[in-house]
Amino acid sequence: GGEEFKRCSIDTLFFVVGSPGSYQIHKRPQEETDADPDGTCFSKKTCDKIDPDKKDGDVAVVDVKLAKCTHCGAKAWNIHGDSNTGYVLTESSSGVQQCLIRPKGSKKARLAPCDSADHPYTPLQLQFASAADV
């Protein structure tokens, strides 16, 4: 499950809109003519609520994809961390704080509860730029 995401190339530029806890992570179009009027954003695939008492195991692991920025799974992202320890992308609209994970040996992105021992989160190396640079 989950879409594959490449690392560090011109087609992997994203920019953030909004405030902490309600960020949208927009994918920069390669060409302005390719731009979707709704935008393309990092999103979780489904927007089902997760029962906090049943968040262990795979029931709370959710695929991540690119979707229209109007999708329900594209509106509640946050970024935690720093350049020394790495950054963690979290999403909390399901009622459980989930962290971005990359299953071992995979290029796919998924979300799992941040405190999951079975699915440790993936610290990311992010490079930040101004809007004019993107």
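Accessible areas in this report come from the Shrake-Rupley method with a 1.4 Å probe. The structure is a predicted model. On that basis, the accessible surface of the protein chain comes to about 8,100 Å², and carbon and sulfur atoms hold 51% of that surface.

## Overall architecture

The protein chain has 8 strands and 0 helices. Read from the N terminus, the order of elements is therefore β-β-β-β-β-β-β-β. The chain has 134 residues, of which 35% count as buried. Among the contacts with a separation of 6 or more, 54% are between residues 24 or more positions apart.

## Disulfide bonds

A disulfide is a covalent bond between the sulfur atoms of two cysteines. A search of the whole structure yields 3 disulfides. When the bonded cysteines are counted along the chain, the disulfides follow the pattern 1-3, 2-4, 5-6. The sulfur distances are listed below.

| Disulfide | S to S distance |
|---|---|
| Cys-41 and Cys-69 | 2.0 Å |
| Cys-47 and Cys-72 | 1.9 Å |
| Cys-99 and Cys-114 | 2.0 Å |

The disulfide of Cys-41 and Cys-69 joins distant parts of the chain: Cys-41 belongs to strand β3 (residues 40-44), while Cys-69 is in the loop between β4 (62-68) and β5 (77-82), and the two cysteines are 28 residues apart. This link is right-handed, with 95° about the S-S bond. Both Cys-41 and Cys-69 are buried.

The disulfide of Cys-47 and Cys-72 also links distant parts of the chain, 25 residues apart, with Cys-47 in the loop between β3 and β4 and Cys-72 in the loop between β4 and β5. With 100° about the S-S bond, the link of Cys-47 and Cys-72 is right-handed. Cys-47 has a relative accessibility of 26% and therefore counts as partly exposed. Cys-72 is likewise partly exposed, at 43% relative accessibility.

In the disulfide of Cys-99 and Cys-114, the sulfur atoms are 2.0 Å apart. Cys-99 lies in strand β7 (residues 98-101) and Cys-114 in the segment after β8 (110-113), so this disulfide ties together parts that are 15 residues apart in sequence. The torsion about its S-S bond is about 105°, and the disulfide is therefore right-handed. Cys-99 counts as buried because its relative accessibility is 4%, whereas Cys-114, at 23%, counts as partly exposed. The cut-off that separates these two cysteines is 20% relative accessible area, since buried means a value under it.

## The surroundings of His-26

Strand β2 (residues 24-27) contains His-26. His-26 has a relative accessible area of 12% and is therefore buried. Leaving aside residues up to four places away in sequence, His-26 touches Leu-13, Phe-14, Phe-15, Val-17, Thr-40, Cys-41 and Cys-69. Two of these names, Cys-41 and Cys-69, are the partners of a disulfide described above.

## Aromatic residues

A pair of aromatic rings is described by the distance of the centres and the angle of the planes. The structure holds 2 aromatic pairs. Phe-14 and Phe-42 form an edge-to-face pair, with 6.1 Å centre to centre and 75° between the planes. Phe-14 lies in strand β1 (residues 14-17) and Phe-42 in strand β3, so the pair ties together parts that are 28 residues apart in sequence. Phe-14 is partly exposed, at 29% relative accessibility, but Phe-42 is buried, with a relative accessible area of 6%.

Phe-42 also forms an aromatic pair with Trp-77; this pair is tilted, with 5.2 Å centre to centre and 50° between the planes. The angle of 50° falls between the limits of 30 degrees for stacked and 60 for edge-to-face, which means that the pair of Phe-42 and Trp-77 is classed as tilted. Because Phe-42 lies in strand β3 and Trp-77 in strand β5, the pair ties together parts that are 35 residues apart in sequence. Trp-77 is buried, with a relative accessible area of 0%. Phe-14, Phe-42 and Trp-77 form one aromatic cluster.

Strand β3 thus holds a partner of a disulfide, Cys-41, and a member of the aromatic cluster, Phe-42.

Conventions
Residues numbered from 1 in each chain as written. Predicted model: local features only at pLDDT ≥ 70, side-chain atom pairs only at ≥ 80, totals over all residues. Heavy atoms only, no water. Disulfide = S-S within 2.5 Å. Helix = DSSP H or I, 4+ residues; strand = E, 2+ residues; numbered from the N terminus. Buried < 20%, exposed > 50% of the residue type's maximum accessible area, 1.4 Å probe, protein only. Contact = heavy atoms within 4.5 Å. Phe/Tyr/Trp six-rings, centres within 6.5 Å; stacked < 30°, edge-to-face > 60°.
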